[in-house]
Structures are given as structure tokens and as C-alpha cells.
Amino acid sequence: MRPLTLKRVLWTSAALLAVLFGVVIVAMKVGAYRISFADLALNLGRLILGRRAHIPSDYQVAFGYRLPRIELSILVGAALSVAGAGFQALLRNPLADPYVLGVSSGGALGAIVALILLPHFLLATPLAAFVGAIATIAAVYFLGRRKGQLDSTTLLLAGIISASFLSAMIIFLMTNTSGSNLRGMPFWLMGDLSTPLPEAMHWVLLAGLIIGVGAIYTTAADLNLITTGEREAMHLGVEVTRVKLVVYISASLLTGLAVSMSGAIGYVGLLVPHVMRMIFGPDYRILIPASAIGGAIALLAADTLARTVMFPTELPVGAVTAMAGAPLFIYLLRRRLR
Amino acid sequence: MGFGHKFRGAKRRRASVVATLAAILCCATLLLSTPAARAAQTGQTSQPAAQANPENAKALPPLVVKDEVGRRVEVPQPVRRIVSLAPSLTETIYALGLQDRLVGDTDFCDYPAEARKLPKVGGPFTPNLEVILSMKPDLVLLAANSANRKETADALDLLHVPAYATDARTIDDVLASISRLGEVLGAAEQGHALEDSLRARLNALHKKLGTAAQVRVLFIVWQEPLISIGQETFLADAMRWAGAESVVRTKQDWPHVNLEEVVRLQPDYLVFASAHPEEITSTLANMRNLPGWRDMKALQENRIAIVSDAINRPAPRLVDAIEELARDLHPEVFAEGPHASLRHQNNNAQRQVKQIAAQAGASL
Amino acid sequence: MNDAGNGAQVIAYPGGEGGAESPVRLKIEQASYAYHPHGQSAPAFTLAATSFAARQREVVTILGPNASGKSTLLKLIAGTLKPLSGRVELEGFETSRLDTRTRAQKIAMVHQESPLLFPSRAGEYVLQGRHPYGRMLRFETKEDVEIAENALAQVGAEDLRDRWMHEISGGEKQRVILARALAQQPILLLLDEPTLHLDIGAQVELLERLRELAAESRYTVVVVTHELSLAAEFADQVVLLHEGKCLRVGTPADVYRRDLLEQVFEAPLDVDLGPEGRPRVHIRGARGHRVGGHLKET
């Protein structure tokens, strides 16, 4: 029997990062501008060395728009996948995804309210979406307790009910508000990475990702035990209450951040952990880094497809993840049942 | 589980070294490049004006205007490269005679026919921002009220591309918008001329209709579900100018109306807008026998007006469509003579605008 | 031996392999508990003051029908419940005051099987038993692997090491679960109705193994069960519970009295002694009828 070692975790992460690097190169190459590998390497070099004035304007624009978009897909993909893995353990449900507790609906409602009340303030939408997400997390926490502790079933029910309620409010607002500011909401609800964000938000997302993933990773060994049963885990020395709270807060934070930056991109948080489990096993000490990097790869690939497949029209990235994700999900389901 | 067993010994070590280097390179690229890239982007915007027009060594200062949704826009002078993100704006640009400055438009820009041949940026809702950037526009035009998303305007702001949005809610607004657009684009004369001629036609129409009673209409945007227009849309205003009034009284823009209620109101006419009237007639044949529709007198008595889909676009052809609709709804007012005189006026106005445009073009 | 029928009793020490020389490891002194559902003042369930003691190498059975308080008593022993009155002590420490980690190093609990969320192999499952000995972000050491493999050997399941948990039989799974508990290297081994889903062969095998383990490795084993025959065969000490009260504590021979058993289990039973002095229980033909829940012979 070969137990999991730190070396294996690091080796796996490095291999996955190499794959991610490859996808990044491909993503950099495709798009409105024609870019050759040689020029790309040359200009990336100039960029890193700080010799910006020498970079031709075509590449400047590509770097100015395409590179931040690539970075956003990576950060959001990683956040959603780790959150999904965390929720699957917390809710004791392999079908859990980051949105099952209503976080995305809360975020959407926040975004809508911002679009109605403050359409001219650029940062209003992501901030309000984040506030909406956090408010939903808190509400579901209080609703989801049983005898003062987080209970998986109660939490799931509370989340589903909140999500329904919030969705109803969203539909109500969208059909009853005049004005063109809400016209983009369906894109938000599907998930959209095409809208650039101010630089500050990228740093916030990066910081949140590091904190959230780090916090969940400290409970990785505990999560392995919790998936065999909460009672059993407690008798094996796991502080179940504390672990559940940490995972709940971290996974919700990651989801809230992702959702406020890019809308509710579906299937990534659900499927990436399952695929990684199939390849690397269910041990959370390797699953969490694998999901993070795997999620980055998946979402970056999906976004690249979204902006090239029907060029020059942009598909919302949520449409691509759904179209690729649904058949993959069916395939995984059948494998499990076999 | 895992692929570790596939690599052994020296091969494994080499593979891990390569993987680690790739990982470090990947992280370094991403971390270092994004802030640098943004700085590069801001640097780039001060270049295009100088690059595009080398003979104007001294570029004019930009014109600062407030667009129709209240955004502050710095319009570079002169505006040589325009990207239009709405079919109505594309039409207006052609009407203003400025089409040689148009470098890109959307997939749906189909009028006039030449507009179809321009390079495309995608749909009005989902334009490809990179493609827009690659066209190096001096100004991007959006129609807030009809075709584009606010997010696209925000994105252009963040990418430092000047973007001007129109937002016309009434027919007066549409006309004023046209002349204001002319001013912004440095073609004030054409803009005013166009506005005046359109206004003249509308006033003539108004006079012609005189004291004729307002026809009560149901404007059908979509049949299943039944969607009509709200009182505050420019379509409702277009109805009024055509001597009609929409029976649907609500402030919501695209209300999903209750069929029973609409039947109860028994509008005098049903109005559809379509480029393909044959489709509508076949749809109507199917609708006639459905419950609810069965009792709609306008449908049974074939009081249907099908107007061209130009009525959906806040552009000069809107006036054509209004005139057409007025003729359909008030046949008693329009005997043969007046048709000819209206069209004559129309052609005169267009010729005038083209002349002014030609003169203006010569001096640029 | 004191005998009052309805009171909790401390019994003079039984024989069994430990004998009077083994130190007392587990002491339950007048431990009681009351369960109040949220917001109600009247308790829904009470466990009256109970006392007994267990030594090293001893197998104790907590015996009784359903809802007699067996699980509650087991939780008091495990320290997950704090007794309302009285004390539960393991080697001098109150179990309910132990921190989670220390408790997991001393006490191992084998529950009835709960479904695993994600497929895993038996070896990895057993390795999880080493969790109480690790730091936060730690990976298992070679030593841990050895201990886990030994635990599997102790239950005779070495060949199951690389098999998937969802592919092995109920009896095999129960052995693996037991191995995980052993990997914790506890001094007290608690089992909650371990024979519930097993066929008779597997049941006997499990209890034999528990007796061997207790003898060889000096565990103290406490098993909760309602299986009369098994308890009689394998227990050194029996704690008989009925409706939240401990009726008797003692060796099987002491506790298995016909009147007591009939009262507790409400079934027509006969008891006689087998060749090794252990009682054997027989079901008498059902000739009685029930009046108010109690059996009355016709």
C-alpha cells in the first residue's frame, strides 16, 4: 500500500501546472489578432523585462485585454472547483456544486439591485453581487443549523429553498423593471468572462483564492475522515464542528468572489472535482490542489472556445461549460453505476 | 491510482524537472505580465490618434461630450474610424453620408445593403471586444435603448476606447439624437438637415391626419407568449405619430399581456412589424381558431397592419415606417395625390442631405 | 452479590481471563443521563444511575432490548455525552473531559456501517485510523503504514488491503472497520451493535476475534448488543439494561436468570447452564398470552 506523500502532491501539481501553461499558450495565440509563437515569446520576454515601448501595438492590445481575461478564467476556475470539492464533502452529497446553497442567486440579486439603483457606478455590480452572496451565506448558515450545529441535510434544504426564493425575486425584478440596464442579466446568470474588470478586483480575487484554498487545505485530512461519516470522524479525533464551519465559510467565500466577478458559471464546480477524483483518488490532500489547477485548465479552455468557436460573436462561457459539462456528467454517472 | 508508476528513475527525474520549470515559468508569466499589460494598454491609447493621422502632427484636442445615458465621453477629433454596435446607428451613419468612416459593424446590420459587406464584430449583444480593439476605432457607437448592453459600454471604458451611447425613448428623441450624433461626428450640417427634413415630414403627416380619430391598436411583438409594447417605448410614440394608440397601458417596456384582457379591449387593428409579411399571414391563419383569439374582432375581420421592421429601429427609416403605418390605419385620409407629394418631399430631403455630405466630404 | 431487582448494583469482581490481578481501567460510578428534546422541560428519555467497572483484557456486554439505553450508556463511556450525575473514568480521567484528539488515541468506537461517499480501498480506510496521531497538514509515515497493516493482520484481513470497500462482503467490511479502530492503538474498544447486519457465521467469528484481541493485546472491549446467545457465549461481564435502568451487572451466569430475562425481553425464555458454566437461552413454546404488555401464562 502506497500512502499519499507530499512529494506526490507536489509532483502532481507541477504536472498539472505544466498542462495549464500549455493551455495558456494556446489561449494567448488564438483570437482576433494573429499571433505567431515566435513573436509571442519575444514579446512576452519584452513584457517581463519591462521593455514595453518595444512591443508592437497589436501585442499591447492582446496583452491588455486577452491576458487579464486568461488570468480571470484561471482564478475563477480554481475558486469554483475547490469550492465544489469542499461542498461535496460538507453536504455529504456528490451532486453538490458551489451554487446549491443559493450563493449565486444571492449574488445575482445583488447585481440586479445595483443595476437598477446605481447603473452609472462601475464597481457597483461586483460589489453588490459580493454583498448579496455573503448575505445569502449568512442567512443559509442560520437556517441550516440543527441543535446549534451545521447539519448537512438541513443545510442543503435551507440552501435549495433560499436559491428558489431568490430566483423568484430575480425573475420578478427582471420582468417588471423597465429600462435597458438589466438587458445583460441573462449573461450574468449564464456566466460571462468577456467583460474586463478593474485591476484591483483581480488582486482581490487572487487574495481571496489563496486564503480560501489555504483554509480548506488545512482541513483536508479531516475531510477525508468526514466523508466516511461524521460520527466516525469525531471518534477519530476530528473536530467536526470546527472543520465544517471552516469549510462552509471558505467555500462560500470562494464562490461569492467567483460569482461577483463573472456571474454564475455552471458545471465547473461540480465536475472538475469528480474528474480529479477519478484520476488522482478521493484523498482531499491531493484533490484540492488538483481541483484548483484542473478547474483553471477547464475554465480557461472553455472561455477560449467561447470566444473563438463562433467568431466574432462571443458565446457566454456558461453556455460552453454546460454544453461540454452535461454529456461529461452523464458519462461519469454511468461509470459510477457500472 | 495516479500516473506515478508510469515513470521510473532517471526518466522520472527529468520529467519532474521539466514540469517544475514549466510550473515556475507559468506562474511567473502570469504574475508579472498582468499589471505590466494594463500599463501597456493605457500607454497604447495615447498613440492611435498620432499613428492614424501622421500628417496632422498637431492632433486636435478631444471633444468632451455627455452622451445620452449621461456618460462623459472624450471624442477624439477628427473622428475617422467609427465602429457601430447597433443596426439603427449603422443606418443613421449612412443617412448622414458618413459611411466611408465606418470601419466595422454588427452581424445584424443589414441596411443599406452595403453595410452587410463591412467587417463584423459579432452580434450587438455579444460583440467581440478584441475585434473592436483590432479595428482601432476613434469612436464606438452604442444604442442603449434598443440594442446593446451596459456591460459592453463599461468594458470599452475600461479598455480606454471612446464609446458614445444614444438612448431614444420618443420619436422626438430619435430625431434629436440623429442631429446630435451628426454634431459629435463632426457632421453637424448633415445632422441638422436630416433632422429638419424628417421633422418636416412628420409635421406634414400630423397635419394630414388632422382631426382623424386615433385608431386603437395592439402592437404584437411576439405571439407566444403574447408580448406587446409599453407606453414609454419609442414604438408607442411611433404609434401616436401614426395616428394610433396602443391599448396596452403599462410602463413596463415589453409587457407579457393577458390575452383575455386584450380581447376585452377589442383593438381596432393588430399591428405587426416584419421584413417578411408572408410569415405573418401564415401565422395569423393558425391563430384564428385558437381560444381567445377566436373572439378578437380585429383578427376575424382581417384588420391587420403589417409594417416594415424599420419601425423597430430608431433610425431615419422609422419615419418611412410611421408614414406607411398611418396610411394603413387611415386609408380614408390618404387618397392618391397626397402619397405622391409625401414621397416627393422625401426624395428632395434625401438629395439635400447627400449634397451637403458630398461638400463636407470634399473639405475633409 | 446484592440483588434488589430494580436498583443499580455494583458487583464484586467476576473471573475472566483478566482475573483480580488486572487493574481496573474503566469505572462507571452512578452515571446517569437525561435527554431533553429542544425546548421541552420534561425529559424524553432517562438513564438511571448505573455503575460497573471493567479491567484490561475484559469483554463487557451491555445487553438489553431496543430503547433500553444501551447506546446512551455507550456514549457516556465514550465521552461524547457528559453524565448528568456521577462519573465515567478511563484510567483516572473523565472521558467527557478529554479533548477530541486524546480521546481518539485512547478510545476507538466501531459503529454500524455508514455508507462511504467516495470509493476507497480497504488499506486507505484503515490508514485513516492513524489520524489522531498526526499534525495538521501531515502525510502518513512508513510507521503508520506498518501499524495499519498490522491492524489488518490482527483481524485476519491482510488480503483485503487493496480491495475496494464497496466490493467486499458485509463481514469483510466489518473486519476492516474493526481494523481501523485497532489502528488507533486504543486501550478501550467500543462496539455499537456490530453484529446487526451479519449472518451467524460472521457474528461468531467477530466475537471470537474480539475475545482473542482482548486477551492478546490487552484491550478492554465493551460491546452493545441485544443478542442474548452471543453475549452469553463471549462476555466476561454483562450489564443488563431495561427501559433506562440497569437491572443487574455480573457474569453471564449471574445475570441470565429466567425471571429477569423474561421481564426485560418480554419473551418466554428458559435458561440452563452449558458445559463450561456459560448459560444457554432457549425459547419456550408460546403458550402464554399478553396482558398489558406483560406475559401471562395460560
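Colleague: What percentage of the 298 residues in chain C do buried residues make up?

Modeller: Keep in mind that this is a predicted model. Chain C has 9 helices and 14 strands. Of its 298 residues, the buried share is 53%.

Colleague: And how much of the accessible surface of chain C belongs to carbon and sulfur atoms?

Modeller: The accessible surface of chain C adds up to about 13,700 Å². The part that carbon and sulfur atoms hold is 48%.

Colleague: On to the rings: is the pair of A:Tyr141 and A:Tyr248 stacked, edge-to-face or tilted?

Modeller: Over all chains there are 3 aromatic pairs. In this one, the ring centres are 6.0 Å apart and the planes sit at 35°. Stacked would need under 30 degrees and edge-to-face over 60, so with 35° the pair comes out as tilted.

Colleague: How many residues apart are those two tyrosines along the chain?

Modeller: A:Tyr141 belongs to helix α5 (residues 124-143) of chain A, while A:Tyr248 is in helix α11 (residues 240-262) of chain A. Both are buried, and ring pairs also bring A:Phe142 into a cluster with them. The pair links distant parts of the chain, and the separation is 107 residues.

Colleague: Which residue of chain B does A:Phe187 pair with?

Modeller: This pair crosses between chains, starting from helix α7 (residues 185-190) of chain A and reaching the loop between β4 (102-104) and α4 (129-134) of chain B. The pair is edge-to-face, with 5.5 Å centre to centre and 65° between the planes. The partner of A:Phe187 is B:Phe125.

Colleague: Is B:Phe125 buried, partly exposed or exposed?

Modeller: A:Phe187 has 11% relative accessibility, so A:Phe187 counts as buried. For B:Phe125 the relative accessible area is 27%. Buried means under 20% and exposed over 50%, so at 27% B:Phe125 is partly exposed.

Colleague: Which ring does the charged end of A:Arg277 sit over?

Modeller: Within chain B, the charged end of B:Arg317 sits over the ring of B:Tyr111, 3.7 Å from its centre. For A:Arg277 the charged end is 3.6 Å from the centre of a ring in chain C, that of C:Phe118.

Colleague: Last one: which helix gives the most to the nonpolar surface patch?

Modeller: The patch covers about 540 Å² and includes A:Val113, A:Ile116 and A:Phe121. A:Phe121 is in the loop between α4 and α5 of chain A and is partly exposed, with a relative accessible area of 45%. The top contributor, with 3 residues, is helix α4 (residues 103-117) of chain A.

Methods:
Residues are numbered from 1 along each chain as its sequence is written. Chains are lettered from A and ligands numbered from 1 in the order in which they are written. This is a predicted model: local features need pLDDT of at least 70, side-chain atom pairs count only at pLDDT 80 or more; totals for chains, interfaces and linings use all residues. Side-chain values use heavy atoms; hydrogens and water are left out. Helices (H or I, at least four residues) and strands (E, at least two) are DSSP runs, numbered from the N terminus. Buried means under 20% relative accessible area, exposed over 50%, partly exposed in between (1.4 Å probe, protein chains only). Accessible areas come from the Shrake-Rupley method with a 1.4 Å probe; for residues, only the protein chains shown count as cover. Rings of Phe, Tyr and Trp (its six-membered ring) pair if their centres lie within 6.5 Å; planes under 30 degrees apart count as stacked, over 60 as edge-to-face and the rest as tilted. A charge sits over a ring if NZ of Lys or CZ of Arg is within 6 Å of the ring centre and within 35 degrees of the ring normal. Patches are made of residues with over 30% relative accessible area and no salt bridge: like charges are joined within 9 Å, nonpolar side chains (Val, Leu, Ile, Met, Phe, Trp, Tyr) within 5 Å. A salt bridge is a side-chain nitrogen of Lys or Arg within 4 Å of a carboxyl oxygen of Asp or Glu.
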